[in-house]
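Q: Hey, I'm new to this one. Can you walk me through what I'm looking at?

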Amino acid sequence: MDEPFHDYHYDFPGGFDGMYEEEQEDLYRDVPPEYFSQSQFDDSDGGTFTTWSTFKFIFPQCFYPTSSQVLSTVFMRLLGTALILRVAALLHTPALALHLLSAGLGYLLVWLQFDVAGLQLFLVFEALGYCVYRFTPSRRGVVTSVFVLLFLFFCESFIYDATSWHSWRGSLMIVGMKMLAVSFDTDTQRLPAKLSPVEHVGFCMSATSVIFGPFMSYKTYSTLFSRPPVTISWVVTVIRLVVLAYICLIMSSCVLSFVLADGAHKWIKAYFAAAAFRYGHYFVCYLSEGCAVAAGLGGKQGPENTWTWDGLPVVRLYHVELPRSLVEVVTNWNVAMHVFLKNYVYKPARYLGMFPAILITYFISALLHGLNFQLAAVLLSIGTYAYIENVFRVKLSDLLDACIMARTCNNCSHKRKANTLWVRLVNLVFTALAMFHLAYLGLMFDNTEGHEKGHSMAHTLRKWSNLEYASHIVAFITYLTYLVLPSKKLKPS
């Protein structure tokens, strides 16, 4: 049985969340005053246009500024540098030069996105990280973990202002995760030898992932040098991922922000606010995967020299929007992050027991993301929820002899299979419950005042108190139910 573990939150690294904020604020000045009457505008959750007429007025003005701003900056920069690497690899550029080009383009993106201060920070982080990796004689993974966490902690707490750090931390987290992966893989001899300085900086600062991710192992990065051919499937995959990213961007910034009906119930508002955040996350994930594939990563060679391009999934939208369980959400929300946490945090801590290992995983994930109560509260909540649901459904499926576990059964011995009507209904109830929890937790990541610095504990508790802490209460009741249920099937008397 696989246990749940995950990093729920994935920020918009690279300052994306503020990229078109100014343009959206300008839109509000052009709306006729009558649209702001109390009956048509609700600011209880940060301000949401609610009438169809307002939606028709705002949508074209949101659609075009957002499209032009993001297409001319993020898409062109990231895809452009990825395609440069692809062409360089196809031209049989020597490995040393390709590593240097990968790092150079990565630093260029950092400079364009974060200016000189951000560039200096990344230069120092990579230099110190390699020194720790190179001169640590043993247990490099543990030592590098301590270095990365302490570096991020001191930078956030004592050196940089909250606004700048909030925009940098996602990208720094990706670089730090790569440092950890290289160190652990060297310890376990997944890497046959220590990386040279050029290999290390080429991997950690690669333009394929330094801004939005995704996390990848050095082995995956090394496929850049295998020079997979340009095929129709490669072109179609890149176009598909970029189009999906664009659709999710428009959904997040222009559609879901304005679809609430006048006088909507607070739970409906919570659902759409959380959905807007989720689709912003999908934008980041699909774009990062598209850029990685555009650079030639994620390909798998099949028979007769055929290639497929599904080897680097980042998110599985369907499994998050209509999940079988929270366990399915947390393993599909960010697949790359899930793989990192599973291989480099959860498995090494598994000897402590399942639940302690889960808590350690979420705690490390929270530290990597930054010192923020809002984020830590959500991470620990969803980690606990997933554990409770998993053990509860294991016990329930045993009692009912039915396929209602958190994960889909494969070749199981249950008497009542998944196609049984009442089993389907039970699984649908758990799907609805997972969507309820997602609305409650996702509401924390709104764009109200102060989001550019990360919301405070007071903001988080106020949001949850407005919903009567319903999700936490439901989780507690679920756990109590799990405790009182018998552990084995009831035998007939």
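A: Sure, and let's start with a term: a nonpolar core is a set of buried Ala, Val, Leu, Ile, Met, Phe, Trp, Tyr and Cys residues joined through side-chain atoms within 4.5 Å. Also, keep in mind that this is a predicted model.

Q: OK, so which residues touch the most other members in the largest nonpolar core?

A: Those are Phe75, Phe122, Phe283, Leu287 and Phe340, in a core of 139 residues.

Q: And which helix gives the most to this core?

A: That's helix H9, which spans residues 266–294 and puts in 15 residues.

Q: Zooming out, how many helices and strands does the protein chain have?

A: There are 17 helices and 4 strands.

Q: What share of the residues counts as buried?

A: 54% of the 493 residues in the protein chain do.

Q: What about the accessible surface of the protein chain?

A: It comes to about 21600 Å², and carbon and sulfur atoms account for 64% of that.

Q: Which residues form a nonpolar patch on the surface?

A: Among them are Phe373, Met457, Tyr469, Ile473 and Phe476, and the whole patch has about 1000 Å² of accessible area together.

Q: Which elements give two or more residues to the patch?

A: Helix H16 (457–466) and helix H17 (470–484). H17 gives the most, with 7 residues.

Q: Let's pick Ile473. Where is Ile473 found?

A: In helix H17.

Q: Why does Ile473 count as partly exposed?

A: Because its relative accessible area is 44%, and partly exposed covers values between the 20% limit for buried and the 50% limit for exposed.

Terms used
Residues are numbered from 1 along each chain as its sequence is written. This is a predicted model: local features need pLDDT of at least 70, side-chain atom pairs count only at pLDDT 80 or more; totals for chains, interfaces and linings use all residues. Side-chain values use heavy atoms; hydrogens and water are left out. Buried means under 20% relative accessible area, exposed over 50%, partly exposed in between (1.4 Å probe, protein chains only). Accessible areas come from the Shrake-Rupley method with a 1.4 Å probe; for residues, only the protein chains shown count as cover. Patches are made of residues with over 30% relative accessible area and no salt bridge: like charges are joined within 9 Å, nonpolar side chains (Val, Leu, Ile, Met, Phe, Trp, Tyr) within 5 Å. A salt bridge is a side-chain nitrogen of Lys or Arg within 4 Å of a carboxyl oxygen of Asp or Glu.
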